[in-house]
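Open the model in your viewer and keep the selection panel at hand. We will walk through it stop by stop, picking a few residues or helices each time.

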Amino acid sequence: MPAAVIVLAAGSGTRVGAEVNKVLLPLGGVPLLARSVLTALAVGGVTRVLVVVRDGEQDAVAAALGPHLGVAEVALVVGGATRHDSEWAALRVLRDDVASGAIDVVAIHDGARPLATTGLFDAVLAAAREHGGAIPVVPAPTLLGPGGAVPGLGAVQTPQAFDAERLLAAYAAADADGFAGTDTAACLERYAPDVRIAAVASSPVNLKVTWPDDLALAEGLEQPDVVGS
């Protein structure tokens with residue numbers, strides 16, 4: 001069944017110290033956002049890619065993506081004040097396709113994670129179809145405490161994928177209640193508690209560019225064929 005990918009690019013990026021939205025910064029000559037979008041477009045079975053942008057940045061985002069898309073098409077959606085609001089704005093655009101069954105799974109990805117691979121997308125989409133939801137997790141190192149070894153908590157990443165119908169219903173219920181979750185999984189846990197969210201093994205390479213040093217680190221990790229790999 002076809003899937004949709006929502007790429008979030010409506011943040012400010014103030015912590016990275018840039019004068020522009022951090023997703024527009026270049027990595028190997030290609031904007032971070034363009035790398036995320038190109039990877040999403042290369043995933044088998046993905047038929048729709050939506051990019052959520054801040055109001056006023058539509059032209060800047062279009063200019064950053066245009067030279068790299070070729071004949072591919074993406075939709076730009078104006079986001080909201082919070083991550084939850086931005087996700088809900090994109091899900092409303094997909095509502096008809098979800099209702100008709102044209103899309104069965106939706107993946108949500110941070111535009112500032114430019115090193116995610118198609119393999120990771122494939123894994124979370126497959127797990128979401130099997131379980132209802134899936135999130136990439138990087139195991140944290142074991143810590144040593146007074147009582148001995150203590151397992152560390154895993155770090156959660158994106159792309160995260162969920163059953164489209166259940167996801168849309170959860171966000172519609174949240175909208176009616178005025179609830180805003182800190183992330184996608186939080187909304188599912190509140191309004192669709194029977195949905196099992198599976199953990200999919202990921203890698204620290206799939207970093208999110210948040211601080212100035214992160215961009216330099218991504219430059220060191222970036223491989224020539226990382227987009228679509």
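Is Tyr191 buried, exposed or partly exposed? Select Tyr191 and show its surface: with a relative accessible area of 22%, Tyr191 is partly exposed. Its value is not under 20%, so Tyr191 does not count as buried. Please remember along the way that this is a predicted model.

**The whole chain**

Zoom out and colour by secondary structure. The protein chain has 7 helices and 12 strands. Now colour by accessibility: 47% of the 229 residues count as buried. If you like contact maps, draw one here. Among contacts with a separation of 6 or more, 73% join residues 24 or more positions apart.

**The aromatic pair**

Return to Tyr191 and add Phe179 to the selection. The structure holds 1 aromatic pair, and Phe179 and Tyr191 form it, in an edge-to-face arrangement. Their rings are 5.7 Å apart centre to centre, with 65° between the planes. The angle is over 60 degrees, which is why the pair counts as edge-to-face. Trace the backbone from one partner to the other: Phe179 is in the loop between helix 5 (164–177) and helix 6 (184–191), while Tyr191 is in helix 6, 12 residues apart. Phe179 is partly exposed too, at 21% relative accessibility.

**Helix 5 against helix 6**

Next, show helix 5 and helix 6 as cartoons and turn the view until both axes are clear. The two axes come within 9 Å and cross at roughly 80°, so helix 5 is roughly perpendicular to helix 6. Show side chains for the contact. From helix 5, select Arg166, Leu167, Ala170, Tyr171, Ala173, Ala174 and Asp177. From helix 6, select Thr184, Cys187, Leu188 and Tyr191; the last of these is the tyrosine from our opening question. Colour the contact by residue class and you will find 8 nonpolar, 1 polar and 2 charged residues.

**Thr184**

Stay in helix 6 and centre on Thr184. Is Thr184 buried or exposed? Thr184 is buried, with a relative accessible area of 1%. Display what surrounds it, leaving out residues up to four places away in sequence: Thr184 touches Glu87, Ile108, Gln160, Phe162, Leu167 and Tyr171. Leu167 and Tyr171 should look familiar, as both belong to the helix 5 side of the contact with helix 6.

**Helix 1 against helix 2**

Move now to helix 1 (residues 32–41) and helix 2 (residues 58–69). Their axes come within 9 Å and cross at roughly 50°, which makes helix 1 oblique to helix 2. What is the handedness of the crossing? Look down on helix 1 and helix 2 and you can check that the crossing is right-handed. On the helix 1 side, the contact is made by Leu33, Ala34, Val37, Leu38 and Leu41. On the helix 2 side, pick Val61, Ala64, Leu65, His68 and Leu69. By class, this contact has 9 nonpolar residues, 1 polar residue and no charged residues.

**Ser203**

For the last stop, select Ser203 in the loop between strand 12 (196–201) and helix 7 (212–221). Ser203 is partly exposed, with a relative accessible area of 32%. Which residues does Ser203 contact, leaving aside its neighbours within four places in sequence? Show Val138 and Gln157, as Ser203 is in contact with both. Finally, draw a distance from the C-alpha atom of Ser203 to that of Leu120: the separation is 9.4 Å, for residues 83 apart along the chain.

Technical notes. Residues numbered from 1 in each chain as written. Predicted model: local features only at pLDDT ≥ 70, side-chain atom pairs only at ≥ 80, totals over all residues. Heavy atoms only, no water. Phe/Tyr/Trp six-rings, centres within 6.5 Å; stacked < 30°, edge-to-face > 60°. Helix = DSSP H or I, 4+ residues; strand = E, 2+ residues; numbered from the N terminus. Buried < 20%, exposed > 50% of the residue type's maximum accessible area, 1.4 Å probe, protein only. Axes fitted to C-alpha atoms, helices over the stretch in contact; angles between N-to-C directions. Parallel < 35°, antiparallel > 145°, perpendicular 65-115°, else oblique. Left-handed = near helix turned anticlockwise from the far one by under 90°. Contact = heavy atoms within 4.5 Å. Nonpolar A, V, L, I, M, F, W, Y, C, P; charged D, E, K, R; others polar.
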